Amino acid sequence: MTFSATPEAGPVNPQATTPAEAANRPLMQIDGLKMYFEITSGILMSRHVGDVRAVDGVSLSIRKGETVGLVGESGCGKSTVGRTILRLYRPTAGRIVFDGQDITRVEGSSLRAVRRRMQMIFQDPYASLNPRMTAAGIISEPLEIHGVSSGRERRDRVRDLLATVGLDPDYGDRYPHEFSGGQRQRIGVARALALHPDLIVADEPISALDVSIQAQIINLLEHLQDEFGLTYLFIAHDLSVVRHISDRIAVMYLGKIVEVTGSRDLYERPLHPYSVALLSAVPIPDPAVETRRRRIILTGDVPSPSNPPSGCRFHTRCWLRERLGNPERCVEEEPVLREMATGHQVACHFAEEVDGTAEQVQVTGRPGRGAPVGSAGAAAGVAGGVVAPTAPEGPQPRPRPRG
Amino acid sequence: MALLSVRDLVVRFRTHDGTVHAVNGVSFDLDAGETLGLVGESGCGKSVTNLAVMRLLPAPAGRIEGGQVLFEGEDLLRLDEAGMRALRGKEIAMIFQDPMTSLNPVLTIQEQMVETIKAHKKVTNKQARAQAVDLLTMVGMSEPDRRLRDYPHQFSGGMRQRVMIAMALALQPKLLIADEPTTALDVTIQAQVLELLSRLTSEHKTAVILITHDLGVVAGLTRRINVMYAGFVVESANTADLFAGPAHPYTVGLLHSMPRLDAQPGEPLIPIEGTPPDLRHAPVGCPFAPRCAWRVESCWREMPPLEPVRETAEVQTTGPLATHRSACWNRPTAEEAIAGRPLRVDFVPAPEPVEVSR
Ligand SMILES: Nc1ncnc2c1ncn2[C@@H]1O[C@H](COP(=O)(O)OP(=O)(O)OP(=O)(O)O)[C@@H](O)[C@H]1O
Ligand SMILES: Nc1ncnc2c1ncn2[C@@H]1O[C@H](COP(=O)(O)OP(=O)(O)OP(=O)(O)O)[C@@H](O)[C@H]1O
Ligand code: SF4
Ligand code: SF4
Ligand SMILES: [Mg+2]
Ligand SMILES: [Mg+2]
């Protein structure tokens, strides 16, 4: 979606909403968010030679108490979305509205006030903790920065937090290297909880942990959400984990969201050709299921975000486009994120054609089902008069290894 | 005779803060053309086991302190360095998680491939180069002629890993050891690389040891699996049996603690409590005991042997009929494996005896 409203258009006035509206509105709403990083060349006289379009027009809303998962391959812009909505960057364009307040351009003390309510948990529990500080020091740092409590009260709060994340409250005076990876991540979680935040952006919080430890942290995050009514943006490249923890999932490709849907639906009925390919590539630890599944082997690598392909960014690797006889529309027109009758939001001109294809069915290894998905808005159908050979019967077209 | 037969392998590291008991008596066999998965979490000894097979342990810290590695009947541990060099690459090849560690950054791909080929084959430069082009074509590289002149950093991670596969298969080795070949890659690129690896090795009937911590990867790719924990093989079975009826509490734990893509959302995970043991302590009893819900008293004292799960006249160590074995004093029943916890009424895991300090 290309959202043209300038961020300077003025903050939403929080007083203008009724309490009922306030209860219904999303906790976090982003519209047309863009975050570009300048590429410069030259050492003395640095010239602006281009932009890494890390996030390029992302719209997403997160309701209170919900977990939204953000998945996609390395470099697609997941972390940048997370960091930009926490206002660790100044967005290039678009709008970020947190609990009714436009925070796109806030600075100084108002930014600090907002930051208290939004926290981040990082991937690497080794790198994100200061090795020279004790666990208690690390956890109480946000309290200190924001001038919350002191002395005895602060110490009690730290002990509470340690217990909350399943650590011995007496471990407060130990240093990070005295903890295991999982314990270190618990310290990171305790620090994030210190200021009673509303929203937590968890950026790959378990990727660096041993497989046997990951579930401990997932369960902890789920438990804390129930206990404190937290809202999560859960960023990860591991679709199985994201699907487990999320209510809804947004799939990103090259700086854009290509599909948003409930986490059950995403696996059972993905409607974007990239989501289908991504899901098909995730191995399932069950040989009986694996023998029934077929992978879609995408050719080539992800293009560079500084020079994304024209039209649909996925067109250079899209299996559906090839199936449809390479329609020009994919190259010329950028697909918008549109709502389908099933409630999915999909950014593909031909999303209707995905439903029922052998590729979609083979993601799960189960036979296809369900009524056709019409587009919620415009009439369904293939523009340009291309007829899609989507017959799932007959010999299954084994995805070709290379194009 | 098995192609590879590892017998009671013991590897330790002497470091300034003590001896690391990395591999504590590992035995397994592999037939020609067979695919074996080696799974287990970080630090359990997967890489060290295979580095020992290749005799590539970092010296002087890493030492093979016992056992045999028989390759086509010959004990590699008795071979001199020249003999080992002749074998590496030609008979046994290895690919690593990070191809940059095994590619030389200052040489072009062509220089490296030609060098590898010429080290083992009597061919001219021109012939070696022609073979390199063929190999790159085989791994799906477009414009192989031009790409040969590129340096490793000019390739993406997935492409580098394909170059590694091309180089590893250049001399048609009998055994390929792939150590987490796709762990650093995105899933779609992982799918490309694994597809390539399995197609080429089955075409050439290359035996494969695939090392990974991802049970999903081995589920679809290998015929047989060894599960390792703290330097021991704790369960060994053909792939179908292992997933259908895991017979070791650690394997059961792994399967229940990882969300599956096809699970119902909200299905609870059962984590494995605690953390893996510190290998600087010599193992006493079963290394999984402190984390195990099935443990009985003897678990604290004695390491159980790797034994058949069901009674059998003869133990098969290789092939599709390999005997399902696990090293456990109190195996989970089929129902318990499904439930992910012991189901016997009044069962309480045996408490740690006071006199044994770990
Ligand atoms: N501070 C920065 N300066 C310049 N480029 C950046 C910066 N941060 C990110 N990028 C670039 O923006 C793109 C998106 O990066 P980002 O870290 O958001 O991806 P990601 O989806 O989180 O990837 P990963 O899964 O690897 O963490 C990448 O091309 C990255 O190189
Ligand atoms: N050079 C070394 N010096 C000391 N200890 C080492 C060395 N290399 C490995 N180890 C130790 O040996 C044990 C086994 O390591 P290994 O690399 O085989 O684990 P792994 O199963 O391959 O794990 P990963 O999944 O992290 O690669 C670990 O405890 C590790 O710390
Ligand atoms: S718009 Fe075209 S190229 Fe893009 S995903 Fe849809 S079919 Fe593929
Ligand atoms: S039951 Fe005993 S032997 Fe078996 S895994 Fe548990 S602790 Fe080890
Ligand atoms: Mg990231
Ligand atoms: Mg390893």
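**Sheet, ligand and odd backbone spots**

Biologist: Which residue in β2(A) does M28(A) stand opposite?

Modeller: Keep in mind that this is a predicted model. Strand β1 of chain A covers residues 28-41, and twelve bridges tie β1(A) to β2(A), with the two running antiparallel. Across from M28(A), in β2(A), stands I62(A).

Biologist: And in what order do the four strands of the open sheet in chain A come?

Modeller: Start from the edges, where each strand pairs on one side only: these are β2 (47-62) and β5 (101-102) of chain A. The pairing in this sheet is antiparallel. Reading across, the order is β2-β1-β4-β5.

Biologist: Helix α2 of chain A lies across some of those strands, so to speak; at about what angle does it run to β1(A)?

Modeller: That helix spans residues 78-85. In chain A, it lies across β1, β2 and β4 (93-98). Relative to β1(A), helix α2(A) runs at about 110°.

Biologist: Which element gives the largest share of the shell around ligand 1?

Modeller: Fourteen residues surround ligand 1, and S74(A), G75(A), K78(A), S79(A) and T80(A) come nearest. Two elements of chain A, β2 and α2, give two or more residues each to that shell. The largest share, three residues, comes from α2(A).

Biologist: How far is an oxygen atom of ligand 1 from an N or O atom in the side chain of T80(A)?

Modeller: Let's go through the polar pairs. A polar side-chain atom of K78(A) sits 2.8 Å from an oxygen atom of the ligand. For an N or O atom in the side chain of S79(A), the distance to a ligand 1 oxygen is 2.7 Å. With T80(A), the figure is 2.5 Å.

Biologist: What percentage of the area that ligand 1 exposes when taken alone does the protein bury?

Modeller: On its own, the ligand exposes 630 Å². The share of this that the protein buries is 63%.

Biologist: How many charged residues does the shell around ligand 1 have?

Modeller: Sort the shell by class. Six of its residues are nonpolar and five are polar. As for charged residues, there are three.

Biologist: Which residue is joined to A59(B) by a cis peptide bond?

Modeller: Most peptide bonds are trans. Here, though, omega is about 0°. The partner lies in the loop between α1 (46-54) and β4 (62-71) of chain B. The residue is P60(B).

Biologist: What is the phi of S149(A)?

Modeller: Most residues other than glycine have a negative phi. S149(A) is found in the loop between α4 (135-145) and α5 (151-164) of chain A. Although S149(A) is not a glycine, its phi is positive, at about 55°.

Conventions:
Residues numbered from 1 in each chain as written. Chains lettered and ligands numbered in written order. Predicted model: local features only at pLDDT ≥ 70, side-chain atom pairs only at ≥ 80, totals over all residues. Heavy atoms only, no water. Pairing = 2+ DSSP bridges. Contact = heavy atoms within 4.5 Å. Axes fitted to C-alpha atoms, helices over the stretch in contact; angles between N-to-C directions. Near = heavy atom within 4 Å. Polar contact = N/O pair within 3.5 Å; in protein donor to acceptor, adjacent residues only side chain to side chain. Areas by Shrake-Rupley, 256 points an atom, 1.4 Å probe, with all protein chains shown as cover. Nonpolar A, V, L, I, M, F, W, Y, C, P; charged D, E, K, R; others polar.
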